[in-house]
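User: I have a complex here that I would like to go through with you, starting with how the strands pair. Could you take it slowly?

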Amino acid sequence: MKITVLQIVSLTIVVLSLGSLSAQQQQALHADARKKIAASAQPMTPAAPDPGEQKFQANCGRCHTAPEQISPRIAGTVLRHMRVRASLSAEDERDILRYLAP
Amino acid sequence: MLLGLLLLLGTSALPAQNVPVISGGLGFLESKNNGAYQFQPVVTPQFTSPIGKDLLFESRFYLGEGVARKDGTTGPYQGTFFKFTEYLQLDYIATSHITFVAGRFLTPFGTYNERLSPIWIQNLQDSPLIVPIGDPDGSSDGAMVRGVVFSKPTVQVNYLAYFSVPTSNSQFLSSRAAGDRIDLYFPRTRVEIGNSYTRLLQGTQTNSIGTHFWWQPWRFPLQVRSEYAHGPHAQGYWMESTYRLSQWRGQDSLVGRLEPVFRMQQTFRNSPGPGDGLPSASTQQADFGFVYHLPHETRFSSSYALKFSTAGNANIWDMSLTYRFLFPAWRGHQ
């Protein structure tokens with residue numbers, strides 16, 4: 001199948017619109033959540049005082065790095081997704097949510 | 001329509017933190033396999049929305065265009081657009097330990113397909129060779145139960161079991177099969193071991209088993225991941241290790257953003273298995289590469305692979321640029 005102009009234009013529009021949407025949203029992110037997420041990406045020890053941070057690293061951090069920024073408005077949704085994907089217990093979900101969006 | 005109504009009703013009463021999410025990855029992948037170039041722009045949009053207190057709707061799609069020369073290394077470039085539904089599922093969190101999943105889900109055989117396959121997670125562009133063992137389709141249509149048996153500071157035990165039905169629709173390819181997986185995770189040492197099993201329940205009924213071992217020590221940014229799988233016509237393993245140089249002036253320094261990657265893998269062909277997605281002959285492959293973590297959720301990766309096979313040796317060069325996006329689907333409550 002040959003590449004059609006329509007396909008190239010469609011893909012370009014999707015790429016550009018998603019990129020610009022993301023840029024707009026990033027400006028509205030909560031500063032505290034940004035700091036916490038950035039800190040969570042650092043290697044840490046199991047003796048870290050915050051159980052939420054520790055559980056974030058022990059579960060979510062096993063497969064991927066922490067996002068640089070996360071809006072508190074979506075923290076609950078992201079955690080519910082992770083609860084299913086990483087088989088988090090209800091207690092783990094609460095602790096990580098409290099850590100991400102206090 | 002029913003799903004739309006559920007979403008509308010369910011999200012209207014959600015707390016402020018539960019705004020539906022649009023996320024996923026954008027990427028431009030380039031590969032050179034024995035002189036034949038392929039270019040692939042890809043987008044993998046994902047939509048996640050809680051519905052009420054205990055339900056979650058999630059979906060992810062893969063849209064891309066593979067561009068390559070007509071005859072491999074000669075001829076004009078041609079593009080092939082492809083799209084498929086990776087998952088489209090409804091999750092019901094019944095209790096603290098049990099979640100029911102219905103719809104189309106990533107087949108949970110081994111670890112790679114479900115946990116490492118997104119383009120913004122994978123360290124190397126190509127999946128390990130043994131990934132098709134357990135399910136060449138990658139996704140299954142059916143139902144699954146999963147959860148955590150218990151979670152203690154010393155050990156965590158996870159389980160899942162699923163059943164899938166055959167579907168021939170090109171967007172929802174699936175086979176009749178049943179399987180399970182159990183994982184043991186030791187948080188203090190960050191060691192995980194697990195076992196997967198799948199039985200194909202159509203045509204010639206066959207069994208596939210797999211086991212995995214992961215180790216990610218707390219003290220330094222090393223990751224060791226490995227899997228072994230045995231299917232009806234082949235068996236094999238892969239072992240991948242990464243070490244992010246973040247101990248050199250922090251992870252945001254010029255050097256600290258670099259993460260070298262090494263993967264070794266072998267497959268052993270026992271008998272011909274047309275259509276099983278595995279190499280047609282026994283293969284050994286070593287991949288050397290790196291991921292460079294750029295700011296703003298962007299990653300650049302490059303790798304070189306030496307492939308030895310009785311069906312033909314190959315040099316494979318890969319490069320990719322990926323971007324991960326994650327934002328609310330709408331404003332929601334403040």
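Analyst: One term first: two strands count as paired if DSSP finds at least two bridges between them. Please also keep in mind that this is a predicted model.

User: OK. In what sense do β7(B) and β8 pair, and over how many bridges?

Analyst: Strand β8, residues 177-186 of chain B, pairs with β7(B) in the antiparallel sense, and 9 bridges hold that pairing. As one example from it, B:Tyr162 has B:Gly179 in β8(B) as its bridge partner.

User: And how many bridges are there between β6 and β7(B)?

Analyst: Strand β6, residues 139-151 of chain B, also pairs with β7(B) in the antiparallel sense, there over 10 bridges, and B:Phe150 has B:Val157 in β7(B) as its bridge partner. A hairpin of 4 residues makes the connection between β6(B) and β7(B).

User: Which residues are on the covered face of β7?

Analyst: The covered face of β7(B), which spans residues 156-165, carries B:Gln156, B:Asn158, B:Leu160, B:Tyr162 and B:Ser164, whereas B:Val157, B:Tyr159, B:Ala161, B:Phe163 and B:Val165 make up the uncovered face.

User: Which residues of β14 in chain B are buried?

Analyst: In β14(B), residues 283-294, the side chains alternate, with B:Thr283, B:Gln285, B:Asp287, B:Gly289, B:Val291 and B:His293 on one face and buried, while B:Gln284, B:Ala286, B:Phe288, B:Phe290, B:Tyr292 and B:Leu294 point to the other face and are not buried. Strand β13(B), residues 258-269, runs antiparallel to β14(B) and is joined to it by 10 bridges, with B:Val261 partnered by B:Gly289. The pairing of β14(B) with β15(B), residues 298-309, is antiparallel as well and has 12 bridges, and there B:Phe290 is partnered by B:Ser302.

User: What does B:His296 do in that hairpin?

Analyst: The hairpin of β14(B) and β15(B) has 3 residues between its strands, and B:His296 takes a positive phi near 60° in it.

User: Different topic: why does B:Tyr323 count as buried?

Analyst: B:Tyr323, which is found in strand β16 of chain B, counts as buried because it has 21 C-beta neighbours inside 10 Å, and the cut-off for buried is 20 or more. Leaving out residues up to four places away in sequence, B:Tyr323 touches B:Gly25, B:Leu26, B:Glu297 and B:Thr298. Its C-alpha atom is also separated by 6.6 Å from that of B:Trp120, although these two residues are 203 apart along the chain.

User: Now chain A. How many helices and strands does it have?

Analyst: Chain A has 5 helices and 0 strands, and 42% of its 102 residues count as buried.

User: How do α3 and α5 of chain A cross?

Analyst: The axes of α3(A), residues 51-59, and α5(A), residues 90-100, come within 7 Å and cross at roughly 110°, which means that the two helices are roughly perpendicular. The crossing is left-handed, and A:Pro51, A:Gly52, A:Glu53, A:Lys55, A:Phe56 and A:Asn59 of α3(A) meet A:Asp92, A:Asp95, A:Ile96, A:Arg98 and A:Tyr99 of α5(A).

User: How many residues of α3 are buried?

Analyst: Of the 9 residues of α3(A), 8 are buried, including A:Phe56, A:Gln57 and A:Ala58.

User: And α4 in chain A, what does it pack against?

Analyst: Helix α4(A) is largely enclosed by the rest of the structure, since 9 of its 11 residues are buried, among them A:Val78, A:Leu79 and A:His81. Those buried residues pack against α5 of chain A together with β1, β2, β3, β4 and β5 of chain B. The axes of α4(A) and α5(A) come within 10 Å and cross at roughly 150°, so the pair is roughly antiparallel. On the α4(A) side the contact is made by A:Ala75, A:Gly76, A:Leu79 and A:Arg83, and on the α5(A) side by A:Glu93, A:Ile96, A:Leu97 and A:Leu100. The crossing of these two helices is right-handed.

User: Last thing: what ipTM and pTM does the predictor give?

Analyst: The predictor gives the complex an ipTM of 0.86 and a pTM of 0.83. Chain B has a mean pLDDT of 91, with 94% of its residues at 70 or more, but over residues 8-14 of chain B the pLDDT is below 50, and that stretch has 8 contacts in the model beyond near neighbours in sequence.

Note on methods. Residues are numbered from 1 along each chain as its sequence is written. Chains are lettered from A and ligands numbered from 1 in the order in which they are written. This is a predicted model: local features need pLDDT of at least 70, side-chain atom pairs count only at pLDDT 80 or more; totals for chains, interfaces and linings use all residues. A residue is buried if 20 or more other C-beta atoms lie within 10 Å of its own, exposed if 12 or fewer, and partly exposed in between; C-beta atoms are placed from the backbone. pLDDT is the predictor's confidence in each residue, from 0 to 100. Two residues are in contact if their C-beta atoms, placed from the backbone, lie within 7 Å. Axes are lines fitted to C-alpha atoms, for helices over the stretch in contact, and angles run from 0 to 180 degrees between N-to-C directions. Angles under 35 degrees count as roughly parallel, over 145 as roughly antiparallel, 65 to 115 as roughly perpendicular and the rest as oblique. A crossing is left-handed if the near helix is turned anticlockwise from the far one by less than a right angle, and right-handed if clockwise.
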